[in-house]
Amino acid sequence: MKQQLKEQIIEALNLEEITPADIDDAAPLFGEGLGLDSIDALEIVMMLDKNYGIKFADKETSKQALASIDSLATYVAAHRTK
């Protein structure tokens with residue numbers, strides 16, 4: 001699941017210079033970690049809806065789920081509808 005999410009994020013965000021191996025599972029996706037921003041977050045949310053049928057109920061839930069690959073994989077496993 002984590003490998004698949006990394007590949008989907010790289011594809012959705014056109015991160016051509018980054019490989020899945022470059023993304024630490026526990027590192028933050030935003031800020032100091034991967035360095036993503038709010039526009040990237042919207043792209044990831046749309047990708048999660050398309051690929052897994054996941055919709056976030058509120059900003060706090062999405063913020064927690066998108067904190068790292070680890071937290072995202074856990075959230076997707078528990079809430080996917082596809």
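This passage describes helix packing, salt bridges, the nonpolar core and two single residues in a predicted model.

Two packed helices are described by the angle between their axes and the distance between the axes. Here the pair is helix 1, residues 2–13, and helix 4, residues 69–79. Their axes lie 10 Å apart and cross at an angle of about 110 degrees. Angles of 65 to 115 degrees count as roughly perpendicular. Helix 1 is therefore roughly perpendicular to helix 4. On the helix 1 side, the contact is made by Lys2, Leu5, Lys6 and Ile9. On the helix 4 side, it is made by Ile69, Asp70, Leu72, Ala73 and Val76. Sorted by class, the contact of helix 1 with helix 4 has six nonpolar residues and three charged ones. Polar residues are absent from it.

Side chains of opposite charge can pair when their charged atoms come close. A search of the whole structure finds three salt bridges. One of them joins Lys2 and Asp70, with the closest N and O atoms 2.7 Å apart. Lys2 belongs to helix 1 and Asp70 to helix 4, so this pair ties together parts that are 68 residues apart in sequence. Both residues also appear in the helix contact described above. Lys2 is partly exposed, at a relative accessible area of 33%. Asp70 is partly exposed too, at 25%.

Another salt bridge is formed by Asp25 and Lys6, whose closest N and O atoms are 2.7 Å apart. This pair links distant parts of the chain. Asp25 sits in the loop between helix 1 and helix 2 (38–52), while Lys6 sits in helix 1, 19 residues away in sequence. The partners are set apart by accessibility. Asp25 has a relative accessibility of 23% and counts as partly exposed. Lys6 has 8% and counts as buried; the cut-off for buried is under 20%.

The remaining salt bridge pairs Asp49 with Lys55. Their closest N and O atoms are 3.0 Å apart. Asp49 is partly exposed, at 29% relative accessibility. Lys55 is exposed, with a relative accessible area of 62%.

The largest nonpolar core holds 22 residues. Within it, Leu5, Ile9, Ile44, Leu48, Ile54, Leu72 and Val76 touch the most other members. Helix 1, helix 2 and helix 4 are the elements that give two or more residues to this core. Several of these names recur from the helix contact, among them Leu5, Ile9, Leu72 and Val76. Leu5 can be followed further. With neighbours within four places in sequence left aside, Leu5 is in contact with Leu48, Tyr52, Leu72, Ala73 and Val76. Three of these partners, Leu72, Ala73 and Val76, are in helix 4.

Two single residues complete the account. Ile39 is found in helix 2. At 53% relative accessibility, Ile39 counts as exposed. Ile39 and Leu13 are 26 residues apart in sequence. In space, their C-alpha atoms are 9.6 Å apart.

Asn14 is found in the loop between helix 1 and helix 2. Most residues other than glycine have a negative phi. Asn14 is not a glycine, yet it has a positive phi of about 55 degrees. With a relative accessibility of 58%, Asn14 counts as exposed.

Definitions and conventions: Residues are numbered from 1 along each chain as its sequence is written. This is a predicted model: local features need pLDDT of at least 70, side-chain atom pairs count only at pLDDT 80 or more; totals for chains, interfaces and linings use all residues. Side-chain values use heavy atoms; hydrogens and water are left out. Axes are lines fitted to C-alpha atoms, for helices over the stretch in contact, and angles run from 0 to 180 degrees between N-to-C directions. Helices (H or I, at least four residues) and strands (E, at least two) are DSSP runs, numbered from the N terminus. Angles under 35 degrees count as roughly parallel, over 145 as roughly antiparallel, 65 to 115 as roughly perpendicular and the rest as oblique. Contact means heavy atoms within 4.5 Å. Ala, Val, Leu, Ile, Met, Phe, Trp, Tyr, Cys and Pro count as nonpolar, Asp, Glu, Lys and Arg as charged, and the others, Gly among them, as polar. A salt bridge is a side-chain nitrogen of Lys or Arg within 4 Å of a carboxyl oxygen of Asp or Glu. Buried means under 20% relative accessible area, exposed over 50%, partly exposed in between (1.4 Å probe, protein chains only). A nonpolar core is a set of buried Ala, Val, Leu, Ile, Met, Phe, Trp, Tyr and Cys residues joined through side-chain atoms within 4.5 Å.
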